[in-house]
Structure formats: structure tokens, C-alpha cells
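This report describes how some charged side chains, cysteines and one helix are placed. Look at the sequence and the structure first, then read on.

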Amino acid sequence: MSSSSGVICSICIESFAASDTIYVITCGHLFHAQCIEDWKLRSRNCPDCRFVFVSMEKVFLNFEENYISSGTRNELRAKMQSYEIELEELRDQLNESEKNFLFMQAQYTVSNEKVHKLTKELNHIKTDREATCSAIQKEELHDLQKECHNIQREMERMRQLTAQLYVAMKLNEDTQECDEMSSLCVKENFHDYVVIVKRYPLDKLIYPLIYNIYALASTMNLKITVNDIHEVLKIDCNSGTAPETVCLQVQFKRIKARNKFLNNQRKLRNYEIYGSVGIYEYKESDVKNSLYHYAKAQLKSYGFAAVFAQKGQIMAIYDRKTASKPIRIHSKKQVDRLVKQYK
């Protein structure tokens with residue numbers, strides 16, 4: 001238990017203690033009895049708020065309440081910061097899990113279609129066998145049974161290959177995506193794969209950014225999946241912007257998917273939340289010195305093998321032959337430091 005309240009008298013600048021005689025004046029401020037008596041001889045205005053007081057009353061403070069010391073507050077604050085960091089890590093893990101789930105869902109759909117097709121063929125063979133069983137010889141029936149058995153074995157092999165393919169793709173996902181993205185970024189027809197989404201509502205923006213493109217595609221009744229999009233970046237635009245909106249740069253894997261997304265934007269006008277959204281062909285003049293383009297222009301001139309975007313992050317590789325680890329680019333200042341380092 002603390003004998004001090006943590007509240008001070010503004011006249012003597014000392015904390016109130018349990019043994020002190022304390023008065024409250026008309027405006028509600030508290031003072032030591034002797035302090036306010038001495039003050040009253042000089043002025044009838046409150047030392048804190050300058051309100052003219054006409055009365056004083058004795059009050060009693062309860063000093064038996066638990067008082068949190070500064071050390072305890074610091075300890076609680078440190079714990080709170082630790083929890084916030086842990087929460088942010090959990091959010092990152094959740095985002096990664098969501099991406100993995102989408103990939104697994106796509107793989108499951110492909111495998112399920114193959115299994116369904118083989119099952120249908122097997123059922124067809126069984127139906128034909130039953131219809132012609134009385135007309136075929138025993139040897140032919142044996143061959144047909146053997147064929148059905150082979151199909152079943154093939155189905156099981158396909159399931160195993162699908163599982164092995166998924167494991168292999170997960171193990172090499174980062175390397176493959178890095179190679180694909182860096183290759184696409186340096187293509188001469190880069191513009192043919194990219195569109196700019198302008199005036200996207202800031203209050204509707206969610207992360208990962210690719211989910212915003214899914215939302216627009218769904219509104220336009222288009223089927224756009226993770227297999228259609230390489231990356232989505234938030235950029236600064238030179239024109240066509242509006243308050244409380246953002247610009248998004250969408251890089252597709254196929255020109256067909258990009259053109260389908262671009263040519264159906266008129267459907268957004270029928271929806272209030274996306275009515276002002278515009279989808280445009282990529283133009284260099286639309287992008288205002290984005291970090292990606294700044295890094296690409298600077299680092300490629302000083303021997304970097306590739307500058308690319310991976311999972312919403314800008315990466316750079318200095319030497320592919322030595323399999324150097326990609327460098328994550330955070331700011332233009334970091335780009336300038338890398339230029340000086342490799343100059």
C-alpha cells in the first residue's frame with residue numbers, strides 16, 4: 001500500500017500524503033490547508049484555473065487504493081509492446097497461410113477434375129462390360145478386367161504424383177517465383193501484361209493487395225485466380241486520382257487475362273462503391289517515380305542482374321551465377337547506398 005496519492009498540490013508542488021489536511025475550493029481543485037490559506041491572503045483566484053473562489057471545504061482522500069508505480073507502468077508497457085509485436089507476427093503468418101490455402105485449393109481443383117474424369121471413364125467401361133458380358137468370351141472379359149485394374153492403378157499414381165508435385169512446388173516456390181518475376185520484369189512487352197487501377201477507394205483497400213483485384217473481378221463477373229496474376233503494387237499516379245483513393249499496378253501472367261480485366265471495366269459503373277474506379281493501360285507517364293522503377297533504373301545500371309517484385313516486395317539480385325541472396329529494397333535511400341557500394 002502506498003501512503004502517497006500521486007496527486008500534487010500546485011502551490012507547494014508536493015504530493016498529498018495521508019496525514020495532510022486537504023481542502024477543495026469552489027472550482028474543484030485540491031490544495032494543502034496551509035497552502036490555500038496563505039494563498040487566500042494574496043488572491044481570491046484559483047492558482048490553477050484563476051476562477052474566483054468563495055468557499056473551501058475539507059476533503060478526505062483514500063490512500064489505501066493500489067497505486068501503480070512508474071516501474072510497474074513501464075513493465076506493463078513493455079509487455080504490451082511485446083504482445084503487439086507477437087500479434088503482428090501472427091498476422092503475417094495468417095497472410096502467408098491464406099496464400100498457401102489458395103494455392104492448395106487450386107491444386108485440389110485440378111486433381112479433383114482428373115480423378116472425376118478417370119472415374120467417369122471407369123464407370124463407362126464397367127457399363128459397357130455389363131452390357132456385352134454375355135456376348136464376349138472369357139479371355140476378352142479377363143482383358144477388360146485387367147484394363148480396369150490398370151486404370152485404377154493409374155488413378156492412384158496420379159494422386160501420388162499430384163501430392164509429390166505439390167510438395168516439390170512448395171519447396172521451390174520462392175526460387176521459381178523469383179525467376180519468373182525477374183524474367184517478366186525485363187521483357188520488352190512488359191506494358192502488355194500490366195494495367196493501372198485508379199481511384200480505388202482507400203476505405204475498401206485490404207491486404208494482400210491481390211484480394212482487391214479479386215473483388216473487382218467478382219464485381220465484373222470475371223473468373224480471375226492466383227494463376228492469372230503475378231503481382232499487385234500500390235503506386236503513386238501522376239493523374240486521374242481523387243482524395244481518399246489509391247492507385248494499384250496489376251501485372252498479369254497472360255495477356256488474355258489482362259485484356260479481359262481491362263475491357264470489362266464498364267460493368268463497375270453499376271456499383272456505387274466501385275463506380276469511380278478506372279482501369280487503364282499501363283503508361284510510364286502515369287507512374288510517379290515508384291520505388292520499383294527507381295530501383296530498376298538505378299541498380300540495373302551498376303551491374304545488378306535483376307530487379308523484380310515478389311509477394312508485394314521489391315527485390316534485387318546482383319549476380320545470378322553465384323546464386324547470391326536477393327536483397328529486399330525498402331526505400332530510395334537504400335537504393336542510393338547500394339549504388340555507392342557496387343559502383
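In this predicted model, the side chains of E37 and K40 meet in a salt bridge, with N and O 3.6 Å apart. The two residues are 3 places apart in helix 1 (residues 33-42), so about one helical turn separates them. An α-helix has 3.6 residues a turn, so residues three or four places apart point the same way. E37 is partly exposed, at 31% relative accessibility, and K40 is partly exposed too, at 27%.

How many salt bridges are counted in the model? The count comes to 4. Among them are the three in this table.

| Pair | Closest N to O distance |
|---|---|
| E37 and K40 | 3.6 Å |
| R91 and E88 | 3.7 Å |
| R254 and D228 | 2.2 Å |

R91 and E88 both belong to helix 2 (residues 70-132), where they sit 3 residues apart, about one turn of the helix. R91 has a relative accessible area of 47% and is partly exposed; E88, at 39%, is partly exposed as well.

The side chains of R254 and D228 also form a salt bridge. This pair links distant parts of the chain, 26 residues apart: R254 is in the loop between strand 8 (245-252) and helix 6 (255-263), and D228 is in the loop between helix 5 and strand 7 (229-235). Is each partner buried or exposed? R254 counts as partly exposed, at 43% relative accessibility, whereas D228 counts as buried, at 8%.

Other charges gather on the surface: E139, E140, D143 and E147 make up a patch of negative charge there. E147, one member of the patch, lies in helix 3 (residues 138-171) and is partly exposed, at 39% relative accessibility.

The cysteines come next. The count of disulfides is 0. The closest cysteine sulfur to that of C12 belongs to C35, and at 3.9 Å it is too far away for a bond. C49 is in no disulfide either, the nearest cysteine sulfur being that of C27, 3.6 Å away. C12 is partly exposed, at 28% relative accessibility, and so is C49, at 37%.

Helix 5 is largely enclosed by the rest of the structure, because 8 of its 10 residues are buried. Those buried include I210, Y211 and L216. In the loop between strand 6 (194-201) and helix 5 (210-219) is L209, which is buried at 11% relative accessible area. The C-alpha atoms of L209 and V250 are separated by 9.5 Å, although the two residues are 41 apart along the chain. After helix 5 comes N221, which has a positive phi near 60 degrees.

How values were computed:
Residues are numbered from 1 along each chain as its sequence is written. This is a predicted model: local features need pLDDT of at least 70, side-chain atom pairs count only at pLDDT 80 or more; totals for chains, interfaces and linings use all residues. Side-chain values use heavy atoms; hydrogens and water are left out. Patches are made of residues with over 30% relative accessible area and no salt bridge: like charges are joined within 9 Å, nonpolar side chains (Val, Leu, Ile, Met, Phe, Trp, Tyr) within 5 Å. Accessible areas come from the Shrake-Rupley method with a 1.4 Å probe; for residues, only the protein chains shown count as cover. Lys and Arg count as positive and Asp and Glu as negative; His and the chain ends are not counted. The place of a charge is taken as NZ of Lys, CZ of Arg, CG of Asp or CD of Glu. Helices (H or I, at least four residues) and strands (E, at least two) are DSSP runs, numbered from the N terminus. Buried means under 20% relative accessible area, exposed over 50%, partly exposed in between (1.4 Å probe, protein chains only). A disulfide is a pair of cysteine sulfur atoms within 2.5 Å.
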